Amino acid sequence: MLEKEVQIAVEKGEMLPLMEEFYTIQGEGYHTGTPAYFIRVGGCDVGCHWCDVKESWNAELHPPTVTDTIVENAAKHAKTIVITGGEPLTWDMNPITTKLKARGMSVHIETSGAYPVTGTWDWFCLSPKKNKLPVDDAYAITNELKVIIHNKHDFLFAEEQAAKTNDNAILFLQPEWSKKEQMTPLIVDYVMNNPKWRISLQTHKYLNIP
Ligand code: SF4
């Protein structure tokens, strides 16, 4: 394809900058412990200083890949698909989610919610970031709110975000990996005192799997 054609296909969401795709166990949040096929899309300008996938930020480093190819690969492995990033809502998610759902797959997203919601989602995991707050539509459709706790102020941020999120959302606090020794005991105390929250751990990192 010509460079211009690729650019147009990416703008339409018919191609996505694919960083990696892999079949593994969901390590975090509500679906922890269940198998899922992860599609990691490049591109993110939210800029969390503790981000553990900084190599995802520059979309130009990740090859534009036809969504049909991504869907074919996913269909070989799993019924549950998790689209993550980077920030997947940087791109138009309608084409890929339509195709995945047409194949009978359950389609989940992990997003900061910083950009307008596109795509059709069976599970919407919102992980808001202070640098670039979610759009209103994201709070409205959130199934799972997952707030990363890097410092004590993040508990206040978590409550602010929970207040903006729809009442049915399941609420999680997750220690940021590099601060887990300091923050996990605080999260344990916080959840015992505020039982609307649950703890999410990055169990895939303890299991040493992707
Ligand atoms: S939103 Fe996610 S991918 Fe983007 S910088 Fe923050 S943690 Fe990293």
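## Exercises on a predicted model

Cys-51 is buried, its relative accessible area being 18%. The exercises below concern a predicted model, and each is followed by a worked solution.

### Exercise 1. The annotated cysteines

Determine which residues the UniProt annotation "binding site" covers, and describe where Cys-48 and Cys-51 are found.

*Solution.*

Step 1. According to the unreviewed UniProt entry, the "binding site" annotation covers Cys-44, Cys-48 and Cys-51. From this set, the lining of the largest pocket takes in Cys-44, Cys-48 and Cys-51.

Step 2. Cys-48 is placed in the loop between β2 (35-41) and β3 (64-66). Cys-51 is likewise found in the loop between β2 and β3.

Step 3. The cut-off for a buried residue is under 20% relative accessible area. Cys-48 has a relative accessibility of 11% and therefore counts as buried. Cys-51, at 18%, is also buried.

Step 4. Leaving aside residues up to four places away in sequence, Cys-48 touches Lys-54, Trp-57, Lys-129 and Asn-131.

Step 5. For the wider setting, the unreviewed UniProt entry places the feature "domain: Radical SAM core" at residues 31-210. Over residues 31-210 the chain is 30% helix and 22% strand, and the end C-alpha atoms lie 15 Å apart.

### Exercise 2. The buried side of helix α3

Identify the buried residues of helix α3 and the elements against which they pack.

*Solution.*

Step 1. Helix α3 spans residues 94-102, and its buried residues are Pro-95, Ile-96, Thr-97 and Leu-100.

Step 2. A general point about helices helps in reading such a list. An α-helix has 3.6 residues a turn, so residues three or four places apart point the same way.

Step 3. The buried residues of α3 pack against the strands β1 (15-25), β2, β4 (80-84) and β5 (106-111), and against the helix α2 (67-75).

Step 4. After α3 comes Gly-104, which has a positive phi near 85°.

### Exercise 3. Salt bridges made by α2 and α3

Which residues pair with Lys-99, Glu-72 and Lys-101, and where do the partners lie?

*Solution.*

Step 1. The general principle is that side chains of opposite charge can pair when their charged atoms come close. The structure holds eleven salt bridges, and three of them are treated here.

Step 2. Lys-99 and Asp-68 meet through their side chains in a salt bridge, with an N to O distance of 3.4 Å. Because Lys-99 lies in helix α3 and Asp-68 in helix α2, the pair ties together parts that are 31 residues apart in sequence. Lys-99 is partly exposed at 22% relative accessibility, and Asp-68 is partly exposed at 44%. A network of salt bridges links Glu-14, Asp-68 and Lys-99.

Step 3. Glu-72 forms a salt bridge with Arg-103, and the closest N and O atoms are 2.7 Å apart. Glu-72 lies in helix α2 and Arg-103 in the loop between α3 and β5, so this pair ties together parts that are 31 residues apart in sequence. Glu-72 is partly exposed, with a relative accessible area of 39%; Arg-103 is partly exposed at 39% relative accessibility.

Step 4. Lys-101 and Asp-122 form a side-chain salt bridge of 2.8 Å, N to O. This pair links distant parts of the chain, with Lys-101 in helix α3 and Asp-122 in the loop between β5 and β6 (123-126), 21 residues apart. Lys-101 has a relative accessible area of 32% and is partly exposed, as is Asp-122 at 33%.

### Exercise 4. Backbone geometry in loops and segments

Locate the cis peptide bond involving Gly-86, and state the sign of phi at Asn-208.

*Solution.*

Step 1. The peptide bond from Gly-85 to Gly-86 is cis, and its omega is near 15°. Gly-86 lies in the loop between β4 and α3.

Step 2. Asn-208, a residue other than glycine, has a positive phi near 60°. Asn-208 is situated in the segment after α7.

Step 3. The cut-off for an exposed residue is over 50% relative accessible area. Asn-208 reaches 71% relative accessibility and therefore counts as exposed.

### Exercise 5. A nonpolar surface patch

Which residues form a nonpolar patch on the surface, and is Leu-201 buried or partly exposed?

*Solution.*

Step 1. The patch is formed by Val-188, Met-192, Ile-199, Leu-201 and Tyr-206, which together have about 450 Å² of accessible area.

Step 2. Leu-201 is found in the loop between β9 (197-199) and α7 (203-206).

Step 3. With a relative accessible area of 31%, Leu-201 is partly exposed.

How values were computed
Residues are numbered from 1 along each chain as its sequence is written. This is a predicted model: local features need pLDDT of at least 70, side-chain atom pairs count only at pLDDT 80 or more; totals for chains, interfaces and linings use all residues. Side-chain values use heavy atoms; hydrogens and water are left out. Patches are made of residues with over 30% relative accessible area and no salt bridge: like charges are joined within 9 Å, nonpolar side chains (Val, Leu, Ile, Met, Phe, Trp, Tyr) within 5 Å. Accessible areas come from the Shrake-Rupley method with a 1.4 Å probe; for residues, only the protein chains shown count as cover. A salt bridge is a side-chain nitrogen of Lys or Arg within 4 Å of a carboxyl oxygen of Asp or Glu. Helices (H or I, at least four residues) and strands (E, at least two) are DSSP runs, numbered from the N terminus. Buried means under 20% relative accessible area, exposed over 50%, partly exposed in between (1.4 Å probe, protein chains only). UniProt positions are given in the numbering used here, feature names are shortened, and annotations may be inferred rather than shown by experiment. On a 1 Å grid over the protein atoms alone, a cavity is a set of points where a 1.4 Å probe fits but cannot get out, and a pocket is an open set with protein on both sides within 12 Å along at least five of seven lines; lining residues have an atom within 4 Å of a point. Contact means heavy atoms within 4.5 Å.
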